[in-house]
Amino acid sequence: MNEQAIKQAYELAVERYAALGVDVEKAMDLLAQVQLSMHCWQADDVTGFESTGSLTGGIQATGNYPGKARNIDELRADILKAVSMIPGNHRLSLHEIYGDFGGQFVDRDQVEPAHFESWMQWAAENNLKLDFNSTSFSHPKSGDLTLANPDKGIRDFWIEHTKRCRAISEEMGKRQGSPCVMNLWIHDGSKDITVNRMKYRALLKDSLDQIFEQEYTHMLDSIESKVFGIGLESYTVGSNDFYIGYAAQKQKLVTLDTGHFHPTESVADKVSSLLLYVPELLLHVSRPVRWDSDHVTIMNDDTMDLCKEIVRCDALNRVHVGLDYFDASINRIGAYVIGSRATQKCLLQALLEPLDTLRKYEENGQGFERLALLEECKSLPWNAVWDMFCLKNGVPVGESFIAEVQKYEAEVTSKR
């Protein structure tokens, strides 16, 4: 795109927003401070480097688009290529199964920070910060129950695994000078009617109590609920109610995955309620076309509402924005770029709202004026501001990233 045309459109946008009391430069500065936590598992369909077994625990990656990452070097190369087309400085979220195991089998209750040493070095060299996830699925001891398993041997195995993941997260946070956010999600549940729900939830609570006994200063714990898992449809031990209660009591972060709720629920509406009781939130942003289908995030109403609610709550410093989708039906690097940029576009539009005026209308009971301005905001020239944000950050402007992805596919991924 013509740089002069981008600048001219931007200057007009600055004037238009200024008339509404919106500081465009401030909005861009705030957007630049939001570090998306990109998910490593988009590049290889949640395979990891531990084994070649199939996914379990209700995890599915649909599609078989050619060129997925097959090893740690290809994964890192793909991630860096995606990052080069996303404005700003960001983070990378790793699952435990993505450790650098050197070709050796390391069971999950034996994993150590040393297995992520090369990741920490690589991240530092590439100006990325790391976040982390324990991995309870796709393992011989996963079954239907992990931390809620009545079998003490299996339960202790997963308790030890999760403790070690927290230790790894602590080391990552210490090394990078920024807290590593560790997400804890388990698939535990039952396919059919469960008559002893309290038993499994009591076991899960006890497991969590043991896991969180050790206090750390360089990592943050976040716990994630789900409505149900595929093959575990009737009962989920770690429900939304369970984790909200636990997080409020223990002052842990709550993870809101946009695909983990009923289709008619507003995830955006949960932000203001939860932030009154828990210190911070972690988002896993995806697009649930059919419940938790994990389609690539786009600039739709759900994502827009979520971003606007964060800004309206003045909570940018209390919400960690992570991505969590894995689409194997299209170019995987392209999926990274589309979803990341779409999330940033939604955040930018939220930051460009004339919030002071809208709040004043609301306080004065001026419902017509509030609704009218909200509608007019939809056609304001936010896209000119977005183009300038990309230009300033040295990444492709507009649709020009499509050619970049195609070139990488022709030269790299198509040859795998």
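Below, a biologist and a modeller discuss one helix pair and the cysteines of a predicted model.

Biologist: What makes α10 oblique to α13?

Modeller: The axes of α10 (residues 332–351) and α13 (residues 382–392) come within 10 Å and cross at roughly 125°. Roughly perpendicular ends at 115 and roughly antiparallel starts over 145, so an angle between those bounds counts as oblique. Therefore α10 is oblique to α13.

Biologist: In which hand does α10 pass α13?

Modeller: The crossing of α10 with α13 is right-handed.

Biologist: Which residues in α10 and α13 meet?

Modeller: From α10, Arg341, Gln344, Lys345, Leu348 and Gln349. From α13, Trp382, Val385, Trp386, Phe389 and Cys390. The residues of this contact divide into six nonpolar, two polar and two charged.

Biologist: How many disulfides does a search of the whole structure find?

Modeller: Zero. A disulfide is a covalent bond between the sulfur atoms of two cysteines.

Biologist: How do you know that cysteine 346 is too far from the closest cysteine sulfur for a bond?

Modeller: The closest cysteine sulfur, in cysteine 307, is 5.0 Å from that of cysteine 346. A disulfide needs the sulfur atoms within 2.5 Å. So 5.0 Å is too far for a bond. Cysteine 377 is in no disulfide either: its nearest cysteine sulfur, that of cysteine 346, is 15 Å away.

Biologist: Why does cysteine 377 count as buried?

Modeller: The relative accessibility of cysteine 377 is 12%. Buried means under 20%. Cysteine 377 therefore counts as buried.

Biologist: And what makes cysteine 346 count as buried?

Modeller: Its relative accessibility is 0%, so cysteine 346 counts as buried.

How values were computed. Residues are numbered from 1 along each chain as its sequence is written. This is a predicted model: local features need pLDDT of at least 70, side-chain atom pairs count only at pLDDT 80 or more; totals for chains, interfaces and linings use all residues. Side-chain values use heavy atoms; hydrogens and water are left out. Axes are lines fitted to C-alpha atoms, for helices over the stretch in contact, and angles run from 0 to 180 degrees between N-to-C directions. Helices (H or I, at least four residues) and strands (E, at least two) are DSSP runs, numbered from the N terminus. Angles under 35 degrees count as roughly parallel, over 145 as roughly antiparallel, 65 to 115 as roughly perpendicular and the rest as oblique. A crossing is left-handed if the near helix is turned anticlockwise from the far one by less than a right angle, and right-handed if clockwise. Contact means heavy atoms within 4.5 Å. Ala, Val, Leu, Ile, Met, Phe, Trp, Tyr, Cys and Pro count as nonpolar, Asp, Glu, Lys and Arg as charged, and the others, Gly among them, as polar. Buried means under 20% relative accessible area, exposed over 50%, partly exposed in between (1.4 Å probe, protein chains only).
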